[in-house]
Amino acid sequence: LKSGILSPYYLDIKCIISKPKLLRAIAETMWESVPNRNFDLLCSVPYTALPISSVMSVDHEVPMVIRRKEAKGYGTNKIIDGVYEPGQTVLVVEDLITSGASIMETIAPLLEVGLKPTEVVILLNREQGGKAKLEAAGYKVNQVMSVFELLDILESNGKINSETKAMVRTFINENQAV
């Protein structure tokens, strides 16, 4: 994982870019999980969440900005691209959360240009402390599902057995606030 720990499970969300109907369904489900839509802009955490926020932007006519991982060194040399005004509020879009570090790395440059990230929406919470960390920093975090809910669904559909489910639960419980 980005945190450096080895995980006994991996969720490859990137494959949704090759499945347009699934991508749209995920984007809409994430949109619907945000009850208060009082924000001016969307901004995704690079890179997997970018197609999700793009679909949300187009489908709901909400402007989007993009956070680059690094300035290009030519052109505008910006970290935040798009049209925005200081003071505008931002919904940060992310596919999964573990420690919250990637989301905080997106929030920092938004703040530097005068934007106000107020809420985050995530598809899956890995339940390893990231959501609590963001909420402690004052951000509202909306999630579609927790990894525990996903484990229940996978087990009930015969995709994993009870031993695998127990092993993943143990790993999560032993690796909090990574």
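Which loop does E61 lie in? In this predicted model, E61 is found in the loop that joins helix 2 to strand 2, the strand spanning 64-67. The backbone there is unusual in one respect: E61 has a positive phi of about 55 degrees although it is not a glycine. Its relative accessible area is 72%, and because the cut-off for exposed is over 50%, E61 counts as exposed.

**Backbone features in loops**

A second glutamate shares the topic. E127 has a positive phi of about 60 degrees, and E127 is not a glycine either. E127 sits in the loop between strand 5 (116-125) and helix 4 (130-136). With a relative accessible area of 24%, E127 is partly exposed.

The remaining backbone feature concerns a peptide bond. The bond from P46 to Y47 is cis, its omega being near 0 degrees. Y47 belongs to the loop between strand 1 (41-44) and helix 2 (49-60). Helix 2 is therefore preceded by the loop that holds Y47 and followed by the loop that holds E61.

**Aromatic pairs**

The count of aromatic pairs comes to two. Their geometry is listed below.

| Pair | Geometry | Centre to centre | Angle between planes |
|---|---|---|---|
| Y9 and F171 | edge-to-face | 6.3 Å | 85 degrees |
| W31 and F39 | edge-to-face | 5.8 Å | 85 degrees |

Why does the pair of Y9 and F171 tie together parts that are apart in sequence? Y9 lies in the segment before helix 1 (20-32), whereas F171 lies in helix 6 (residues 162-174), so the pair links parts of the chain that are 162 residues apart in sequence. Both Y9 and F171 are buried.

The partners in the other pair are also on the buried side of the cut-off. W31 has a relative accessibility of 8% and counts as buried. F39 is buried as well, with a relative accessible area of 10%.

**Surroundings of T89**

F39 appears again among the contacts of T89. T89 is found in strand 4, which covers residues 89-97. Is T89 buried or exposed? At 17% relative accessibility, T89 counts as buried, because buried means under 20%.

Leaving aside residues up to four places away in sequence, T89 touches N38, F39, D40 and L41, and also K116 and T118. L41 falls in strand 1 (41-44), while K116 and T118 fall in strand 5 (116-125). T89 in strand 4 thus has contacts with residues of strand 1 and of strand 5.

Terms used
Residues numbered from 1 in each chain as written. Predicted model: local features only at pLDDT ≥ 70, side-chain atom pairs only at ≥ 80, totals over all residues. Heavy atoms only, no water. Helix = DSSP H or I, 4+ residues; strand = E, 2+ residues; numbered from the N terminus. Buried < 20%, exposed > 50% of the residue type's maximum accessible area, 1.4 Å probe, protein only. Phe/Tyr/Trp six-rings, centres within 6.5 Å; stacked < 30°, edge-to-face > 60°. Contact = heavy atoms within 4.5 Å.
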